[in-house]
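Dear colleague,

Please find below the structure that I am handing over to you. My findings follow directly after it.

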Amino acid sequence: MDIIHKILNEGFAWLSVAFGLILTCKFVVRIGMKKSRIYRDELKKLNKYMANTHKLMGISLVITGLIHGIFSGESVISLNTGTICWVISITLGVSWMARKILRKKGNWIKYHRVLTLIFLLTLGFHLIDVKIFDNKISTNILQHKKQMDYETQENKETSTSGYENTLLTDINGSLDKYKFKDGTYTGVADGYGPGLTVEIKVNENKVSDIKIVKHNEEGRKHYQRPMEMIPNEIIQNQSLEVDAVSGATYTSNGIVNAVKYALKQAIIK
């Protein structure tokens, strides 16, 4: 299921980028067609082909953008760079379909090109925000503040709840090789933010339930999937050797480490 989600999210994201760039290249071809003397005939043919497929490309851009948005983890109906980019693409399509009406009121192509420029700038910022900085542009200030707020609390928990990093090596891999007491236990670890807290239930030497009871992660599109997948995989496999969710490594590892701390309290030595 993870590979399917990845295809629907990242695959359609790059398809959207491809359609967007191809659509905007039409303006470059038209400029080249007017100014070039050597390749004018070739550019005319290319411009004609792009004009014939312009509508189909535009519809494809809107559809692939919507699919990417649905599976990105970030709500499509929210204020983020991806949704803004998608709305601009729809606006571009509407202006193109209404070009005959808009021509009567002025030079519509200028407004269409301005919208195209805004689309490219928004798309560029969206790629930087999501792919390069992993959405930290919009969250690093809040994250730094939360890190400072929880620093004192984290130090206190270190001495009272087994929060030392040395404990991480005590429980690893398959859980079948350990003996645990039945009961409910709580573990705390760092994810992308501090204080990621899980509550686990142990029954008949197996982890039967894992709940995220508290966290300070930033960016729902990053932490939602690991919080759904990692606990289920640990329970299903009865193992702490689970793959981190792509794009949410810190949260994934934080959940596993928090479960380790909880199991440390249940282990029978």
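**The nonpolar cores**

In this predicted model, the largest nonpolar core holds 30 residues, and those touching the most other members are Ile171, Phe180, Ile200, Ile234, Leu240, Val259 and Leu263. At least two residues of this core come from each of β1 (183-189), β2 (196-203), β3 (206-214), α7 (220-237) and α8 (249-266). Helix α8 provides the largest share, with eight residues.

Ile171 may serve as an example from this core. Once its neighbours within four places in sequence are set aside, Ile171 is in contact with Tyr178, Phe180, Leu240, Lys260, Leu263, Lys264 and Ile267. Phe180, Leu240 and Leu263 thus appear both among these contacts and in the list of core residues given above.

Another core lies apart from the one just described and has 10 residues, including Val17, Phe19, Met57 and Phe119.

**The chain as a whole**

As to the overall arrangement, the chain contains eight helices and three strands. Read from the N terminus, the order of these elements is α-α-α-α-α-α-β-β-β-α-α. The three strands therefore stand in succession, with α elements before and after them in that order.

The chain has 269 residues, and 41% of them count as buried. Its accessible surface amounts to about 16,000 Å², with 61% of that belonging to carbon and sulfur atoms. Where contacts link residues at least 6 apart in sequence, 62% of them join residues at least 24 apart.

With kind regards

How values were computed: Residues are numbered from 1 along each chain as its sequence is written. This is a predicted model: local features need pLDDT of at least 70, side-chain atom pairs count only at pLDDT 80 or more; totals for chains, interfaces and linings use all residues. Side-chain values use heavy atoms; hydrogens and water are left out. Helices (H or I, at least four residues) and strands (E, at least two) are DSSP runs, numbered from the N terminus. Buried means under 20% relative accessible area, exposed over 50%, partly exposed in between (1.4 Å probe, protein chains only). Contact means heavy atoms within 4.5 Å. Accessible areas come from the Shrake-Rupley method with a 1.4 Å probe; for residues, only the protein chains shown count as cover. A nonpolar core is a set of buried Ala, Val, Leu, Ile, Met, Phe, Trp, Tyr and Cys residues joined through side-chain atoms within 4.5 Å.
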